Amino acid sequence: MAAVAEVSGEAVAAKTLDTKPTSESEINVQVQELVAMFKKLNPLAKEFFPSSYPNHQNSFYFLNNGQLSPDNFADTNKPSGNDFFPNNRRRRNNYNQGRRRLNGRAFKAQREDSIRRTVYVSDIDQHVTEERLAALFSSCGQVNDCRICGDPHSVLRFAFVEFADDHGARAALELGGTMLGYYPVRVLPSKTAILPVNPTFLPRSEDEREMCARTVYCTNIDKKVSQAEVKNFFETACGGEVTRLRLLGDHVHSTRIAFVEFALAESATTALSCSGMIVGAQPIRVSPSKTPVRPRVTRPTLH
């Protein structure tokens with residue numbers, strides 16, 4: 001149905017607007033003619049319906065008194081409850097944002113708790129391993145994690161030690177000045193938490209845990225040193241067979257890393273004493289590996 005009046009209605013309207021009323025009776029006649037014209041308009045036409053309402057052609061029908069009712073003619077065109085209340089979409093978005101803020105607050109609280117349970121240890125001798133450092137602080141409480149890091153060109157390194165509770169972290173502060181290797185360590189409250197290890201890299205079975213006991217993690221490897229030279233170095237220095245070696249590097253870092261797996265766990269223990277030895281042109285650092293050297297998966301070629 002068109003949104004404008006019929007031709008007869010338009011003629012009446014034009015006549016009504018062009019003729020100036022001279023008496024009250026004529027005014028009443030013109031008003032009645034205008035009312036009759038407006039009754040012929042279609043309120044559901046596109047010109048009279050907001051474009052923001054979907055399915056406007058079938059979303060409403062008239063009651064006997066001419067008022068619009070939020071109902072439909074067919075269930076297939078039934079709009080959702082949000083079609084009649086556009087602000088509901090905004091409320092739903094606000095609800096999702098509120099859930100994200102709640103999750104963010106929970107994550108922040110968990111991170112702050114982890115920071116309270118962590119201490120920062122500096123001036124660590126380059127020959128000190130994570131196991132040796134963790135053993136020092138185990139007298140203060142249960143050690144959940146211990147990470148040694150630092151500049152590969154520096155003699156001294158730093159570490160983060162996380163305890164099971166904040167009591168252990170407070171007790172660890174008393175160990176500041178303890179001689180570990182050739183230098184006294186400094187212990188301070190940490191300002192950051194230890195980044196969790198990707199669980200997919202951790203041992204998944206008893207066999208992989210046994211592989212970790214036979215594997216060492218080597219860093220600060222000169223890029224000019226080949227994989228065969230790294231293998232020959234460890235077999236000569238440790239007197240044990242290297243069964244698997246993974247040498248990794250990129251174009252960003254100036255050095256490379258390696259995972260070296262021995263046939264015997266005793267050889268891996270001996271390899272820890274190789275930390276600080278010169279391989280190529282730089283001293284390497286050796287520590288126990290937290291992840292096994294998994295064999296590479298070869299994908300079948302398509303013919």
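**Cysteines, sheets and pockets**

The count of disulfides in this predicted model comes to zero. Two of the cysteines can be placed by their accessibility. Cys140 has a relative accessible area of 19% and is therefore buried, since the cut-off for that class is under 20%. Cys212 also counts as buried, at 12% relative accessibility. A further cysteine, Cys218, takes part in strand pairing, as described next.

It helps to begin with the sheet that holds this residue. Four strands form an open sheet in the order S10-S11-S9-S14, and their pairing is antiparallel. Its edges are strand S10 (242-248) and strand S14 (285-288), each of which pairs on one side only. On average, and with direction ignored, neighbouring strands here are turned by 20° against each other. Within the sheet, strand S9 (residues 215-222) runs antiparallel to strand S11 (residues 255-262), and six bridges join the two. One of the paired positions brings in Cys218, whose bridge partner in S11 is Ala258. Pairing between S10 and S11 is likewise antiparallel, again over six bridges. Here Ala258 turns up once more, this time as the bridge partner of Leu247. Ala258 of S11 is thus a handy landmark: it is partnered with Cys218 and with Leu247. The connection from S10 to S11 is a hairpin of six residues.

A second open sheet of four strands follows the order S4-S5-S3-S8, with antiparallel pairing. S4 and strand S8 (186-189) each have a single partner strand, so one side of each is left without a neighbour in the sheet. The average turn between neighbouring strands of this sheet is 20°, direction ignored. Strand S3 (residues 118-125) and S8 run antiparallel and are joined by four bridges. For a reader tracing this pair in the structure, Tyr120 is a good place to start, as Leu188 in S8 stands opposite.

Attention can now turn to the pockets. The largest pocket holds about 940 Å³ of space. Its lining counts 33 residues, and those closest to the centre are Glu130, Ile148, Tyr217, Thr219 and Ser287. Strand S4 (143-149), strand S5 (156-163), S9, S11 and S14 are the elements that give two or more residues to this lining. Strands from both sheets therefore contribute: S9, S11 and S14 belong to the sheet S10-S11-S9-S14, while S4 and S5 belong to the sheet S4-S5-S3-S8. By class, the lining of the largest pocket divides into 16 nonpolar, ten polar and seven charged residues.

The second largest pocket has a volume of about 280 Å³. Its lining is made up of Phe107, Gln110, Arg111, Ser114, Arg117, Asp145, Arg147, Glu162, Ala193, Ile194, Leu195 and Pro196. Two or more of these residues come from each of helix H3 (87-116) and S4. The greatest share belongs to H3, which gives four residues. Five nonpolar, two polar and five charged residues are found in this lining. Edge strand S4 is a useful link between the two pockets, as S4 gives two or more residues to the lining of the largest and also to that of the second largest.

Notes
Residues numbered from 1 in each chain as written. Predicted model: local features only at pLDDT ≥ 70, side-chain atom pairs only at ≥ 80, totals over all residues. Heavy atoms only, no water. Pairing = 2+ DSSP bridges. Axes fitted to C-alpha atoms, helices over the stretch in contact; angles between N-to-C directions. Disulfide = S-S within 2.5 Å. Buried < 20%, exposed > 50% of the residue type's maximum accessible area, 1.4 Å probe, protein only. 1 Å grid on protein atoms, 1.4 Å probe; cavity = no way out; pocket = protein on both sides within 12 Å on 5 of 7 lines; lining within 4 Å. Points joined across faces, edges and corners; volume = space filled by probe spheres on them. Nonpolar A, V, L, I, M, F, W, Y, C, P; charged D, E, K, R; others polar.
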